[in-house]
Amino acid sequence: MAADVPTLYDWAGGSENLNRLTATFYAKVAKDPVVGPVFKAMSSDHPAHVAAFIGEVFGGPKTYSEQHGGHREMVMHHLDRHLTEEQRRRWISLLMDAADEVGLPDDPEFRSAFAAYIEWGSRLARMNSTLGATCDPEQEPMPQWGWGVPGGPYTPPAKS
Ligand code: HEM
């Protein structure tokens, strides 16, 4: 990545904004009739843990790997949950609502990278949720997401 291209983490506004995102999102989730029941035993730390996870995937500090068990631990949390496609879709929809509400950058470049990761990650979470509780997931490295085809955030056209 070119030295002057920010990470998705920095462009999103770092851990402060990602924590605002997940706090707003899980408040919506808790009230939602489709996906809310899945999270009825969620701990009060859950939004902060998910913010740390996404932050690390987006090029931020390795907090989830160093303090919360890393990628394997995240996969473990989804095992045996039997998530439905309807629940996955609602999860995404509420997350996108929360992104608008907290004012995550809305340039096409950032939002396409954000949406691509969320689509990918949520489909993996649903796949993993069909694995039985006794499955021991592989110790895979934390995914690292980047800007994809656009290569960086929106830059206004140069004035002629
Ligand atoms: C990009 C997509 C996703 C990411 C990055 C993600 C991330 C995480 C993380 C990091 C945890 C563990 C939190 C902790 O350590 O305390 C977790 C737990 C969990 N996730 Fe996800 N998740 C994703 C998608 C989903 C979807 C689509 C659903 C449901 C529709 C879901 C349902 C859950 C549930 C039920 C738990 C356990 C909650 C509890 O402890 O009671 N996740 N997720």
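Let's start where two helices meet: in this predicted model, helices α2 and α3 cross in a right-handed way. Helix α2 covers residues 14–31 and helix α3 covers residues 46–57; their axes come within 8 Å and cross at roughly 135 degrees. Because angles of 65 to 115 degrees count as roughly perpendicular and those over 145 as roughly antiparallel, this crossing makes α2 oblique to α3.

Which residues of α2 and α3 meet? From α2 come Ser15, Leu18, Asn19, Leu21, Thr22, Ala23 and Tyr26, while α3 brings His46, Pro47, Ala48, Val50, Ala51, Ile54 and Gly55. Sorted by character, the residues of this contact are 9 nonpolar, 5 polar and no charged.

Helix α3 also has a part in the shell around the ligand, where it supplies the largest share, 5 residues. At least two shell residues each come from α3, α5 (70–78), α6 (85–102) and α7 (108–128). Of the 25 residues around the ligand, the nearest are His49, Phe53, His77, Gly121 and Ala125.

Here are the two groups of residues by character:

| Group | Nonpolar | Polar | Charged |
|---|---|---|---|
| Contact of α2 with α3 | 9 residues | 5 residues | no residues |
| Shell around the ligand | 13 residues | 9 residues | 3 residues |

Now step back to the whole protein chain. It has 7 helices and 0 strands, so from the N terminus on, its elements run α-α-α-α-α-α-α. The C-alpha trace spans about 60 × 35 × 25 Å along its principal axes. How does the radius of gyration of the protein chain agree with that of a compact globule? With 160 residues, such a globule would have a value near 15 Å, and the chain has 16 Å, which agrees.

Conventions
Residues are numbered from 1 along each chain as its sequence is written. This is a predicted model: local features need pLDDT of at least 70, side-chain atom pairs count only at pLDDT 80 or more; totals for chains, interfaces and linings use all residues. Axes are lines fitted to C-alpha atoms, for helices over the stretch in contact, and angles run from 0 to 180 degrees between N-to-C directions. Helices (H or I, at least four residues) and strands (E, at least two) are DSSP runs, numbered from the N terminus. Angles under 35 degrees count as roughly parallel, over 145 as roughly antiparallel, 65 to 115 as roughly perpendicular and the rest as oblique. A crossing is left-handed if the near helix is turned anticlockwise from the far one by less than a right angle, and right-handed if clockwise. Two residues are in contact if their C-beta atoms, placed from the backbone, lie within 7 Å. Ala, Val, Leu, Ile, Met, Phe, Trp, Tyr, Cys and Pro count as nonpolar, Asp, Glu, Lys and Arg as charged, and the others, Gly among them, as polar. A residue is near a molecule or strand if its C-beta atom, placed from the backbone, lies within 6 Å of it. The radius of gyration is taken over C-alpha atoms; the globule rule is 2.2 Å times the number of residues to the power 0.38.
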